[in-house]
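Subject: Structure handover

Hello,

I am passing this structure on to you, with notes on what was found in it. Please look at the structure before reading on.

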Amino acid sequence: MGTSRMFHIFVLLGSAFMILLIILYWTEVGASRQYLHTPVSPGPKMTNGAQQQPQQQQQQQQQQAQTPQIPSFLSDIDAFVNQFLEPGTGEPTDPVPAETSNQSEKAEERYVPRQEWKIHLTPVAAELRQRQEYRQRLLKELCANDSLMFPGKKRSFDDIPNKELDHLIVDDRHGVIYCYVPKVACTNWKRIMIVLSESLLHDGVPQRDPMVIPRELAHNGSMHFTFNKFWKRYGKFARHLMKVKLKKYTKFLFVRDPFLRLISAYRDKFQLHNEDFYRRFGKVMLQRYANQPTPPDAVDQAFAVGAHPSFSHFIQYLLDPQTEKDSPFNEHWQQVYRLCHPCQIQYDFVGHLETAEEDAEHLLRLLRVDNVVEFPTSHRNVTASDSESDWFGMVPLEVRRELYKLYEPDFRLFGYNRPDPILNE
């Protein structure tokens, strides 16, 4: 009995000793983790006299640093996610803190302005400000009420499939998210995003001239970090991180008249010798709507014999239910509300191609990077609204009305008038 009792006593003492060691160990680990995650900042420059602090103040700071803090579960998640955000990425849309002599070192660490930011002393023109207020208010109202309904309007951001987020380009350096819409100056805006993100180097220096960037490189997916790539980098934290960036970053897109965008897409992809689009879409249109069961295999052969899809064939293809049964619309004619999800993402800036120069200047000023990059002036032929009736002249009236129903959400969400001259003939 005596030996057994002694054994139990030793076991209890040993267990208590191990628990004490574990407590001491985790206390030390917690202190070291707190030190390792303390942000490092060069801080303001000080004179020699200002560098000496009273001993009592230093002791108080050391005691505060060593005091263990137990954050909540949600704070832990947010802290983890914020590790992926560079310091200062939210500042373009945050007010600049006032400079005071009593500002603490922590305040200096929170606000680290980028050198290229430009501060304007004159306010934005009232007309430009009111234009943005109207466009954003229109989006908010139409998304909130039931006067306009379209597929996917009521779903939440979490319900959007990852593959449908591939048009949201992220620039972490300046805190910018751009949803690109093909046929709406997206080539030049992609060039600007490359310049801002500094993802293209020339002789070891970031490329600063957007027009030097080749068109093919601007559209190269590897040059841009889009939302649909978050899963590979961040795993299960991807969706939460998207929400954090959507909340903190400046989000913008550019749109244009939906019918003129369709005309531009047709001209670029089917009136020119585009081998890829001819093989993927042109041959299908000729087979279904031009009574050509065996169209030429190559685009050059098709143009040589005058066999290329007409604009009327293109419209038939868009309205054919079989088209989207085979595959979703190509991005060049897919509706903007399906590309950019304006009822799930609250955009801070909505630009129009019709006012592109003014809107681009306004946006770059809001981002405070107008001294870093300028929006390139486009010299390409732009489809004019006065030629719209000519393009639709060979399209039956009922077909035009069906096409308007297909793109009506884009017309109304972004403030474009119903094209009555085309629909009421």
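The notes below go from the whole chain to the sheet, the disulfides, one helix and one loop residue.

Overall picture

Please keep in mind that this is a predicted model. The chain has 425 residues, and 40% of them count as buried. Its secondary structure comes to 19 helices and six strands. Of the contacts between residues at least 6 apart in sequence, 73% join residues that are at least 24 apart. The accessible surface is about 25200 Å², and carbon and sulfur atoms account for 54% of that area.

The sheet

Four strands make up an open sheet, in the order β1-β2-β5-β6 and with mixed pairing. The edges are β1 (168–171) and β6 (349–352); each has a single partner strand, so one side of each is left without a neighbour in the sheet. On average, neighbouring strands here are turned by 20 degrees against each other, direction ignored.

Helix α16, residues 356–366, packs on this sheet and touches β5 and β6. The direction of α16 makes about 155 degrees with that of β6.

Two of the pairings can be followed residue by residue. Strand β2 (residues 176–179) runs parallel to strand β5 (residues 250–255), and the two are joined over four bridges. Within this pairing, Val176 has Thr250 of β5 as its bridge partner. β5 also pairs with β6, again in the parallel sense and over four bridges. There, Leu253 is matched with Val350 of β6.

In a regular strand, side chains alternate between the two faces of the sheet. For β6, both faces are covered. Phe349 and Gly351 lie on one side, Val350 and His352 on the other, and all four are buried.

The disulfides

The chain has two disulfides. Counted along the chain, the bonded cysteines follow the pattern 1-4, 2-3.

One disulfide joins Cys143 to Cys343, with an S to S distance of 2.0 Å. The torsion about this S-S bond is about -80 degrees, so the disulfide is left-handed. Cys143 belongs to helix α5 (residues 126–144) and Cys343 to the loop between α15 and β6, so the bond ties together parts that are 200 residues apart in sequence. Cys143 counts as buried because its relative accessibility is 16%, under the 20% cut-off. Cys343 has a relative accessible area of 22% and is therefore partly exposed.

The other disulfide is formed by Cys179 and Cys340, whose sulfur atoms are 2.0 Å apart. Its torsion of about -90 degrees makes this disulfide left-handed. Cys179 lies in strand β2 and Cys340 in helix α15, so this pair ties together parts 161 residues apart in sequence. Both Cys179 and Cys340 are buried.

Cys186 also counts as buried, at 7% relative accessibility.

Helix α13 and the core

Helix α13, residues 311–319, is mostly covered, with seven of its nine residues buried. The buried ones are Phe311, Ser312, His313, Phe314, Ile315, Tyr317 and Leu318. Which elements cover them? The cover includes α10 (258–271), α11 (275–289), α14, α17 (388–391) and α18 (397–413).

Two residues of this helix, Phe314 and Leu318, appear again in the largest nonpolar core. That core has 88 residues, and those with the most contacts inside it are Trp189, Phe227, Phe314, Leu318 and Trp333. Leaving aside neighbours within four places in sequence, Leu318 is in contact with Leu262, Phe329, Trp333, Leu403, Leu406 and Tyr407.

A loop residue

Gln334 sits in the loop between α14 (321–326) and α15 (336–340). Is Gln334 buried or exposed? Its relative accessibility is 12%, and the cut-off for buried is under 20%, so Gln334 counts as buried. With neighbours within four places in sequence set aside, Gln334 is in contact with Arg261, Pro328, Phe329 and Leu339. Phe329 is also among the contacts of Leu318.

That is the end of the notes.

Regards

Conventions
Residues numbered from 1 in each chain as written. Predicted model: local features only at pLDDT ≥ 70, side-chain atom pairs only at ≥ 80, totals over all residues. Heavy atoms only, no water. Buried < 20%, exposed > 50% of the residue type's maximum accessible area, 1.4 Å probe, protein only. Contact = heavy atoms within 4.5 Å. Pairing = 2+ DSSP bridges. Axes fitted to C-alpha atoms, helices over the stretch in contact; angles between N-to-C directions. Core = buried A, V, L, I, M, F, W, Y, C linked by side-chain atoms within 4.5 Å. Areas by Shrake-Rupley, 256 points an atom, 1.4 Å probe, with all protein chains shown as cover. Disulfide = S-S within 2.5 Å.
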